[in-house]
Amino acid sequence: MLTAIMAIGTIAAGFGLLLGYASVRLQPGSDPAVERIDALLPQTQCAQCGYPGCRPYAEAIARGEADINQCPPGGEATVRALADLLDREPKPLNADYGEAKEQATVAWIDEDRCIGCTLCIQACPVDAIIGAPRQMHTVVEDLCTGCDLCVEPCPVDCIHMRPVATTTRNWQWPRPSNTPDHAA
Amino acid sequence: MSGSASLFGFPGGVRLPTHKAASTGDPIGALPLPPELVVPLTQHGGDPARAVVSAGDTVGRGECIGRAPGEFSAAVHAPTSGTVVAVEDRPVAHPSGLTEPCVVIATDGLDRRSPEAPEPLHDWAQRAPAELRRRIEAAGVVGLGGAAFPTAVKLTPRPGADVELLIINAIECEPWITCDDVLLREHAGAVLTGIRIMRHILGAQEVVIALEETKREAADALHEALAGAEDEGIRVVPVPVRYPAGGEKQLVQSLTGREVPTDGLPLDIGVLCHNAGTAAAVHDAVCLGEPLTERIVTVAGTGVGAPRNLRVRLGTPVSALVEAAGGYRGRTSRLIVGGPMMGHALEHDRVPVTKGCNCFLVGEEYSFPAPEPALPCIRCGDCADACPVSLQPQQLYWHARARDTEALAETGLFDCIECGACAYVCPSHLPLVGYYRSAKAEIRAAEQQQRFAEQARQRYEFRQARLERERREQAERRRRKKEALQTDAGADERGDRKAEIQAAIARARKRKRGGDD
């Protein structure tokens, strides 16, 4: 009897220590729900949702604070994906937060007019603008998410959002146009 | 040994009317140098070459005008001598009809060889493979079968991968195309030397030259060129005429009985394929010191007066080729680059010939009618019988229409070689390949988008962390300053400053008094 109690007690103590150690040393970095929501957001970091970036918005959704239809760059596709993940009814994009862009855009700085004030550099959420005080700035087009956040702070209005040009390298085969109508 | 070695074949496929005789009657024709050549900087799979000439420069034949920026690219050379007029965007033979950067050369008619062009290497057999590879790379040689993959890259198997079998693909399974056929008939010796150079580089034990069993003249020319050397392990293997017998994976399966794995290369099973035209280009680059600046192109179809093959300088406008092949005939309805199965339509003929252009097909409206209206799928299963990769095209069609990415991946969308056999046999005239192409493009775009989002997320998080660190550092600096003001050391310092100021005032007064005196 005593042996059994001691044996089970020892095992229990052992596992207790192990679990205690694990909970301290192997702490999950962050909330997995937030991670999964964040993974579905377009990472434009445009803050149109009312939160200062995609991750804060993901955290707000996880807390139940924000709705799933506040992300204009993600559009209906993101709403559907979020609804799927969270097992909710999809709903149309909330127009209060802006509308989805027809075409992807990137920022472009009119370098002749740039006075080198660095305000756009401070506004860019992904460090896609390079330059130094009183030196001309430029946008690294490949890194620009098209969030529009640099346009507003520019004191000389030299930043314009331009549609991403279609070239032979990013052109895609379109869907066939002569499609029969029939139920699948 | 030659002749009918036992073949394993491949599943599916279709028999197509070949229309080959139309363009093989005449020998390869030459084309007068056009007044202007438009040489695109992207004529290959991979990154665009970077222009190293600008308007006003004089260039000689074989001079490098576009340098490869990395490994997965190919250099571009001046096809003849002349003056660079511009480096600008011009329309190219791309399904989008868009423009690409091109070097425009006004030719001087002298065809003067550039002193920069490399010297011929006749003793290639004594040279190290690496040196020959460099020479082929510098000559801008790419696969001439259509995909235009840089040849030097393909001749550099990854470490540990042995090439047991080198397959020279001389099968033109698409109707109308005959440029490899006439190349072998007239230049079998050059092709064979190119093959020996490639074999020397790769150390391949066995070489198979595969061609259709109907290409008798070409096979005879090869046997004659081989004369007595056949025991060195180079075989000529005729294969039955069936589309797409010349597809790389189908040919490997036919000859070896082994399938190339999904997402894999023939190299994974010890096989490497090169096109016969590529072998000739390797010969020219090594034995003649001529970079790749011309190729043989078939101009055929019912819409040209005299279908034939032409030796063409790269950058020549397609209109000049059509003219040399007897001009347009009848009510021309379509101009296609490539074959009728896998080629794509061009909007106009003011685009230049590039390394990958094997054929221009001109159709008049009776033999090349507009596609018939598509009807609903009747689930007949003919497409599945025709598929050379044993896919279920009708399933792919449903999934592509529904944009069901997961189901498409499971059904093997990315194993599809877009040969068009399924669409050819479809009694409902469904544009099946169109669906597969657009579905592949959509999935690749979504993956690209996902990678971009991941990068943006990392950059955003890094920036947040940096801002946070800067805030902390600033707060720390402020705190230290505040502390410094409060400590004794700070008080002493303040006292010192006061004393200094008092001393300065005193000195000033003294001076003032002195001045008054």
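Two strands are taken to pair if DSSP finds at least two bridges between them. In the predicted model described here, strand 15 (residues 332-337) and strand 16 of chain B satisfy this criterion, pairing in the antiparallel sense over 2 bridges. Within this pairing, B:Val337 stands opposite B:His344 of strand 16.

These two strands of chain B belong to an open sheet of 6 strands, arranged in the order 1-14-13-17-15-16. The pairing in this sheet is mixed. Its edges are formed by strand 1 (29-30) and strand 16 (344-345) of chain B, each of which pairs on one side only. Helix 4 of chain B packs on the sheet, where it touches strand 13 (294-300) and strand 14 (308-313) of chain B. The direction of helix 4 makes about 125° with that of strand 13 of chain B.

A further open sheet in chain B consists of 4 strands in the order 11-10-9-12, with parallel pairing. Strand 11 and strand 12 (271-275) of chain B each have a single partner strand and stand at the edges, so one side of each is left without a neighbour in the sheet. From one strand to the next, the twist averages 25°. Strand 9 (residues 165-169) of chain B pairs with strand 12 of chain B in the parallel sense over 5 bridges, and B:Leu165 is placed opposite B:Val271 of strand 12.

Two helices of chain B lie across the strands of this parallel sheet. Helix 4 (residues 179-202) lies across strand 9, strand 10 (206-212), strand 11 and strand 12 of chain B, and runs at about 160° to strand 9. Helix 6 of chain B also lies across strand 9, strand 10, strand 11 and strand 12, running at about 125° to strand 9. Helix 4 of chain B is thus described in connection with both sheets, as it lies across strands 9 to 12 and touches strands 13 and 14 of chain B.

Backbone geometry was also examined in the loops. Most residues other than glycine have a negative phi, and most peptide bonds are trans. The peptide bond from B:Tyr243 to B:Pro244, however, is cis, with omega near -5°. B:Pro244 is found in the loop between strand 11 (234-239) and helix 6 (248-256) of chain B. B:Ser390 is not a glycine, yet has a positive phi of about 55°; this residue is found in the loop between helix 9 (382-386) and helix 10 (393-401) of chain B. B:Glu418, likewise not a glycine, has a positive phi of about 60°, and is found in the loop between helix 11 (405-411) and helix 12 (421-425) of chain B.

Notes:
Residues are numbered from 1 along each chain as its sequence is written. Chains are lettered from A and ligands numbered from 1 in the order in which they are written. This is a predicted model: local features need pLDDT of at least 70, side-chain atom pairs count only at pLDDT 80 or more; totals for chains, interfaces and linings use all residues. Side-chain values use heavy atoms; hydrogens and water are left out. Axes are lines fitted to C-alpha atoms, for helices over the stretch in contact, and angles run from 0 to 180 degrees between N-to-C directions. Contact means heavy atoms within 4.5 Å.
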